[in-house]
Amino acid sequence: MEVEAVPLDDKAKRMRDLLSSFYSTDPSSASLPAHTPSRFATLDTIDTSSFDADQYMNLLVQKSNLEGLLQKHVEMASEIKNLDTDLQMLVYENYNKFICATDTIKRMKNNIVGMETNMEQLLEKIISVQSRSDGVNTSLHEKREHIEKLHRTRNLLRKLQFIYDLPTRLEKCIKSEAYSDAVKFYTGAMPIFKAYGDSSFQDCKQASEKAVTTVTKNLQGKVFSDSESIQARAEAVMLLKQLDFPVETLKVKLFEKLEQFLVDLHLETEELEKGSLGVNSSSNQGSTPDSSSATAHEASIREFTEAIRAYRVIFLHSEQELSKLAQELVTKNFEAFHQQLKKQAHSIDLLASLRVIWNDVLLMDEVLPEASLPTFSLQSARDAVKEYISGAFNRLLFDISDTLTKVQVTQKDGIEQEYTLQADLEASKQAVIHGSMNALQEFRQLLCENPKLLLKLKGETIDWVQEGFQNFFRKLDSYFLLLSGKRTEASQDVNLIERIPGDKIAAGLVLVLAQLSVFIEQSAIPIITEEIATHFSGGVRSSEYGPAFVPGEICRIFRSSAEVLLNFYIKVRTEKITVLLKRRFTAPNWVKHKEPREVHMFVDLLLQEFEEIRNEATQILPQGLHRKHRRNDSNGSTTSSRSNPLRDDRLGHSNTQKARSQLLETHLAKLFKQKMEIFTKIEFTQGSVLTETVKLSLKSLQEFVRLQTFNRSGFQQIQLDIHFLKTALKHIADDEAAVDFLLDEVIVGTAERSLDPIPLEPPILDRLVQAKLAKTSEQSSVS
């Protein structure tokens with residue numbers, strides 16, 4: 001009722017002040033008076049504690065029209081309603097809290113009633129108990145002191161009895177091997193022995209020390225006993241330390257024992273590797289490696305790791321010296337592995353050795369991780385695998401060298417077989433391609449291994465294989481040039497192969513090397529490249545250095561070497577023929593030469609050389625396109641411009657003056673004669689090589705003719721020999737036109753150097769040639 005009596009304006013102000021004080025964030029602003037005038041009043045001051053309603057209304061009337069005032073009225077009515085609702089909810093909530101607080105106070109008041117009386121009764125009982133306890137303590141004080149005195153006396157007597165019984169106790173401990181109790185008893189009596197051991201307890205001290213000496217010896221034996229457990233041995237060392245025994249001497253002796261164990265283990269490893277080599281070498285019996293030896297080695301390495309574990313437990317902070325010992329074992333294992341590499345062991349044996357080494361590393365790493373044996377062995381394995389791959393390529397190079405050396409020996413010893421060079425070429429091809437594929441097969445086994453030691457090296461192994469093939473083919477090319485005599489200097493690796501003196505090099509070997517280079521370029525490199533791309537891709541080589549194996553470069557090298565070797569073969573053959581021609585033209589006196597009676601023997605030797613070249617080319621080179629370049633197919637005419645003037649007038653002119661006029665005509669004809677291409681590019685065919693050799697030989701013959709002076713008989717002898725050669729060379733050389741041209745050049749050159757160039761008549765030439773042919777046929781039938 002009192003609330004309703006309050007005027008409406010006062011009620012609204014109270015509600016406003018209440019809400020303002022409840023939501024105000026600035027406590028100082030709440031203390032300001034409600035009607036404090038503001039010089040800068042705005043419409044926003046309605047939410048502040050200094051709000052002035054009259055001033056607000058005046059300002060609102062000034063700034064708003066009627067519609068705005070109505071809108072503001074609706075908004076303010078809505079806000080007032082909301083504030084009333086919020087205030088009502090706030091009052092309800094506070095009222096509920098007040099009711100709960102009132103109920104709690106009532107309950108507390110009911111529970112406290114009667115508690116003061118109970119507390120007074122408890123205090124009285126405590127005082128009564130305390131008084132009785134003081135009475136008991138007072139009555140028992142004297143007896144308690146007497147009992148404590150007797151207890152102290154009893155303890156002293158027990159100690160004295162313990163000292164006198166100590167030797168007996170120690171003997172019992174020794175018999176029962178209770179060494180920890182013995183050490184505990186003796187160390188407990190040490191303070192008394194130090195104080196009174198030289199007077200009252202001298203006998204007890206001496207007997208105890210004698211027993212402790214036995215205990216010390218037994219503990220030392222326990223430390224060195226392999227049958228004892230690690231814990232027992234470690235406990236023995238701890239007991240020796242309690243007895244003030246210098247355990248460092250034990251540490252040195254035990255470490256020496258580990259070193260000796262390492263030596264024995266290394267010997268066992270070598271025996272195991274020898275056994276595996278011996279078993280694998282007898283593969284024809286279908287044997288397998290001795291599993292008992294491998295089991296024995298595994299048992300030994302486990303025993304060694306247990307010894308390391310015991311040493312580490314017994315002697316703390318010994319990781320550094322144990323790490324060196326474990327690394328020494330790994331090093332010796334890899335040294336044995338390198339010895340296997342020198343013996344050219346198979347990849348199966350080498351992988352078995354690497355597997356054994358890795359298993360040893362894993363076992364030791366479990367007990368000694370501080371040694372970082374996997375990382376340490378990884379570097380050693382990297383060197384070992386790289387050496388194995390390099391050694392495999394060196395063995396391949398030596399195998400090819402042995403095959404080619406047999407070619408040289410066959411040629412040098414003059415072993416005449418129909419297809420000797422062809423067989424040697426095929427053997428060389430097989431040595432290259434099969435040797436390379438076998439090496440790749442060996443390397444693939446490295447990549448297929450499961451041990452992490454090889455898996456970590458997979459990328460590097462791929463790079464080493466690719467680099468190895470790149471270097472191998474470069475060395476092989478250098479060796480070909482060195483073996484042929486075309487090159488006199490070579491790299492260090494190639495120099496390790498047996499070299500053949502230049503004067504003993506067989507021409508057939510040079511031709512074999514040339515065709516073998518072609519085979520490597522066209523057949524071997526594509527096969528090896530495909531195999532490498534299939535199984536040896538994904539190396540770790542940086543892209544900035546490019547690929548390790550570049551087949552295009554290798555093909556270019558062998559293509560160039562093949563051309564060089566083929567040219568060199570022709571050169572060697574031509575030089576040999578040049579020596580024959582030199583002997584022929586420098587030995588006789590051509591000015592005093594007798595009349596020709598038959599074709600000279602040097603023609604047979606020359607044809608024999610051509611026949612040898614044809615036999616070698618037939619075995620080594622392909623036949624190629626069969627085409628004969630006849631005289632009428634050539635670019636220029638080689639007919640009557642040189643030889644026919646001599647033939648046409650051969651019967652009608654017989655004096656020297658007319659012959660010389662014929663030579664003048666010949667020279668004039670040369671001025672108007674079309675140019676002929678004599679020497680063309682050499683192809684890897686039988687006809688091309690043989691024709692080129694014939695051309696060069698005839699060119700050398702022409703040069704030797706120009707260095708001599710002939711009489712009539714000498715000129716006619718050359719004419720006869722050339723006439724016979726012209727018939728014989730038709731079946732040897734492909735380019736008949738060029739050969740006839742060169743033969744005509746020889747006749748013309750001889751005529752130019754002749755004192756009396758009167759040729760033989762055709763019937764005489766034919767008769768002498770037929771006689772030679774008949775004689776040759778007769779010799780062939782007899783042989």
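**Close-up 1. Lys775 and Glu598 joined by a salt bridge.** At 39% relative accessibility, Lys775 is classed as partly exposed in this predicted model, and its salt-bridge partner is Glu598, with 3.8 Å between the closest N and O atoms. The contact links distant parts of the chain, since Lys775 belongs to helix 27 (residues 762–782) whereas Glu598 sits in the loop between helix 20 and helix 21, 177 residues apart. Glu598 is likewise partly exposed, its relative accessible area being 46%.

**Close-up 2. A salt-bridge network that includes Arg573 and Glu616.** Arg573, Lys576, Glu609, Glu612 and Glu616 are joined into one network by salt bridges that share partners. Within this network, the side chains of Glu616 and Arg573 meet in a salt bridge of 2.5 Å, N to O, and this pair links distant parts of the chain, with Glu616 in helix 21 (residues 601–620) and Arg573 in helix 20, 43 residues apart. Both Glu616 and Arg573 are buried.

**Close-up 3. A salt bridge within helix 12.** Glu328 and Lys332 form a salt bridge in which the closest N and O atoms are 3.5 Å apart; both residues lie in helix 12 (residues 319–342), four residues apart, or about one turn of the helix. An α-helix has 3.6 residues a turn, so residues three or four places apart point the same way. Glu328 counts as partly exposed at 33% relative accessibility, while Lys332 counts as buried at 19%, because the limit for buried is under 20%. In the structure as a whole, the count comes to 18 salt bridges.

**Close-up 4. The tilted aromatic pair of Phe393 and Phe443.** The structure holds 13 aromatic pairs; in one of them, the ring centres of Phe393 and Phe443 are 5.5 Å apart and the planes stand at 50 degrees, so this pair is tilted. Because Phe393 lies in helix 14 (residues 373–413) and Phe443 in helix 15 (residues 420–447), the pair ties together parts that are 50 residues apart in sequence. Phe393 is buried, with a relative accessible area of 5%, and Phe443 is also buried, at 0%. Both residues belong to one aromatic cluster, whose members include Tyr388, Phe469, Phe472 and Phe558.

**Close-up 5. The stacked aromatic pair of Phe585 and Phe704.** The rings of Phe585 and Phe704 form a stacked pair, 6.4 Å centre to centre, with 5 degrees between the planes. With Phe585 in helix 20 (residues 551–586) and Phe704 in helix 24 (residues 686–706), this pair ties together parts that are 119 residues apart in sequence. Phe585 is buried at a relative accessible area of 1%, and Phe704 is buried at 13%.

**Close-up 6. A nonpolar patch on the surface.** Met108, Ile112, Met115, Met119, Leu122 and Ile126 form this patch, and together they have about 610 Å² of accessible area. Helix 5 (66–112) and helix 6 (115–176) each supply at least two of its residues, and helix 6 gives the most, with four. Ile112, which lies in helix 5, is exposed, with a relative accessible area of 52%.

**Close-up 7. The kink in helix 19 and the backbone at Ser372.** Helix 19 (residues 507–535) has 29 residues and reaches 40 Å from its first C-alpha to its last, close to the 42 Å expected, and the helix has a kink of about 45 degrees centred on Ile520. Elsewhere, in the loop between helix 13 (347–367) and helix 14, Ser372 has a positive phi of about 50 degrees although it is not a glycine. Ser372 is partly exposed, with a relative accessible area of 38%.

Terms used. Residues numbered from 1 in each chain as written. Predicted model: local features only at pLDDT ≥ 70, side-chain atom pairs only at ≥ 80, totals over all residues. Heavy atoms only, no water. Patch = residues over 30% accessible without salt bridge, like charges linked within 9 Å, V, L, I, M, F, W, Y side chains within 5 Å. Areas by Shrake-Rupley, 256 points an atom, 1.4 Å probe, with all protein chains shown as cover. Salt bridge = Lys/Arg side-chain N within 4 Å of Asp/Glu carboxyl O. Buried < 20%, exposed > 50% of the residue type's maximum accessible area, 1.4 Å probe, protein only. Phe/Tyr/Trp six-rings, centres within 6.5 Å; stacked < 30°, edge-to-face > 60°. Expected span 1.5 Å × (residues − 1). Bend = angle between axes of the 7 residues up to and from the residue.
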